[in-house]
Amino acid sequence: MIETTPAKQIVANVTSSDAWFGVNYSMNIYRGCNHGCIYCDSRSDCFRVEDFDKVKLKENALQIIRDDLRRKAKKGVVGVGAMCDIYNHHEASLKITRNALELINAFGFGVATCTKSALITRDIDILADIKAHSPVLAKFSISTADDALCKRLETNVSSPSDRFEAIAKLTQAGIPCGILMMPILPFINDTEDNIRQICRKAKEAGAFSIYPAMGMTLRDGSREHYLDKLESIFPGEGLKERYLKIYGKAYSCNSPKRMKLWAVFREECEKLGLLYDMKAIIQYYKKGYGDSQLTFL
């Protein structure tokens, strides 16, 4: 049984003119996440999510989403999964995300999802229905191509292999898929081989884009959790001390090899025909849907 938490609004306006992946609205149905990623920024104190590893469903979520969408004066793209993965372990039985996608479809909105779960393939039929009238983008967060390393960093997620397989299924159904190649963790997965492997597997699976970050962020709350996990996952390697010495309490922790990694990344993307510029990615998945969907320009 999942606990619930009060909510007054779930579909919120996005006011930035250069919004993340061109979304017009944001929607977070759940609070907390049980994927167990050691680096998650949503764990930070500033977001005030108590007991982050315990997923809670927002009360009357579907009724609130229905009312929120009905009140929107303009159609647009709803971004889902920014704070907490919409395909957590409860979703397989609850199907709240699936029902929310059905509402997005019924009210004529587009959707841009973000997940680390292959469960999204369950909803290919609804995503295809939405794509018939509005833009759809399925983003997969993939920071390593190594299934074994993933198991250490992201305890309860679908393996990278399963995520690439999910991309293949979605793209075969005509759903545009992209990858968020982040975070690239200093001294852990910041290798040229990892960058090349992700790019090549993305192309093989049918993804059209990769949006990267050659580093990570650490704020109060998430920093302490991450550094403690490094001690237990990589005992005796001195990673915690290395982070504290180099980054201290800095928010941005860029890989010391970021310039070289960027060069390798651009080389692979250009060779494989993968988009990596934000505006180009937005133009690609919104192409053909009319000026009302292209407000980012």
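I take a polar contact to be a pair of N or O atoms within 3.5 Å, where, within protein, one must be able to donate a hydrogen and the other to accept it. The model I am reading is predicted, and I kept that in mind throughout these entries.

**Entry: Ser143 and its surroundings**

With that definition in hand, I looked up the side chain of Ser143 and found a polar contact of 3.1 Å joining it to the side chain of Glu154. I located Ser143 in the loop between β8 (136–141) and α5 (147–153). Is Ser143 buried or exposed? Its relative accessibility is 2%, so I entered Ser143 as buried. Setting aside residues up to four places away in sequence, I listed what Ser143 touches as Tyr39, Glu154, Met182, Pro183, Ile184, Asn189, Asn194 and Ile198. I also looked up Asp190, which lies 47 residues from Ser143 along the chain, and read a separation of 9.3 Å between the two C-alpha atoms.

**Entry: Asn194**

Since Asn194 is among the residues that Ser143 touches, I turned to Asn194 next and placed it in helix α7. Its relative accessible area is 7%, so Asn194 too is buried. Which residues is Asn194 in contact with, once its neighbours within four places in sequence are left aside? I found Ser143, Thr144, Ala145, Ile184 and Asn189.

**Entry: α6 against α7**

I then looked at how helix α7 (residues 192–205) packs with helix α6 (residues 160–172), and noted an angle of about 30° with the axes 8 Å apart. From α6 the contact is made by Phe164, Ile167, Ala168 and Thr171, and from α7 by Ile198, Lys201, Ala202 and Ala205. Sorted by class, I have six nonpolar residues, one polar and one charged in this contact. Ile198 therefore appears twice in my notes, as a member of this contact and as one of the residues touched by Ser143.**Entry: Ile188**

I looked up Ile188 in the loop between β9 (177–181) and α7. With a relative accessible area of 14%, Ile188 is buried. Leaving aside its neighbours within four places in sequence, I found Ile188 in contact with Leu149, Leu153, Tyr226, Leu230, Phe234, Leu239 and Tyr243. Thr144 lies 44 residues from Ile188 along the chain, and I read 9.7 Å between their C-alpha atoms.

**Entry: strand β7**

Why do I describe strand β7 (residues 110–115) as largely enclosed by the rest of the structure? I do so because six of its six residues are buried. Going along the strand, I noted that Gly110, Ala112 and Cys114 point one way, that Val111, Thr113 and Thr115 point the other way, and that all of them are buried. Strand β6 (residues 77–80) runs parallel to β7 and is joined to it by four bridges, with Val80 standing opposite Thr113. The pairing of β7 with β8 is also in the parallel sense, over five bridges, and I recorded Lys139 in β8 as the bridge partner of Cys114.

**Entry: the sheet with β1, β5 and β4**

I looked up an open sheet of three strands, whose order is β1-β5-β4 and whose pairing is mixed. Its edge strands are β1 (3–5) and β4 (30–31), each of which pairs on one side only. Between β1 and strand β5 (residues 56–58) I found three bridges, with the two strands running parallel, and here Thr4 stands opposite Leu57.

**Entry: helix α3**

For helix α3 (residues 96–106) I listed the buried residues, which are Ile96, Thr97, Arg98, Ala100, Leu101, Leu103 and Ile104. Just after α3, I noted that Gly108 takes a positive phi of about 80°.

**Entry: cysteines**

How many disulfides are there? With a cut-off of 2.5 Å between cysteine sulfur atoms, the count comes to zero. For Cys40 the closest cysteine sulfur belongs to Cys33 and is 6.4 Å away, which is too far for a bond; Cys40 itself counts as buried, at 19% relative accessibility. For Cys177 the closest cysteine sulfur is in Cys114, at 12 Å, again too far for a bond, and Cys177 is buried with a relative accessible area of 1%.

How values were computed:
Residues numbered from 1 in each chain as written. Predicted model: local features only at pLDDT ≥ 70, side-chain atom pairs only at ≥ 80, totals over all residues. Heavy atoms only, no water. Buried < 20%, exposed > 50% of the residue type's maximum accessible area, 1.4 Å probe, protein only. Pairing = 2+ DSSP bridges. Axes fitted to C-alpha atoms, helices over the stretch in contact; angles between N-to-C directions. Contact = heavy atoms within 4.5 Å. Nonpolar A, V, L, I, M, F, W, Y, C, P; charged D, E, K, R; others polar.
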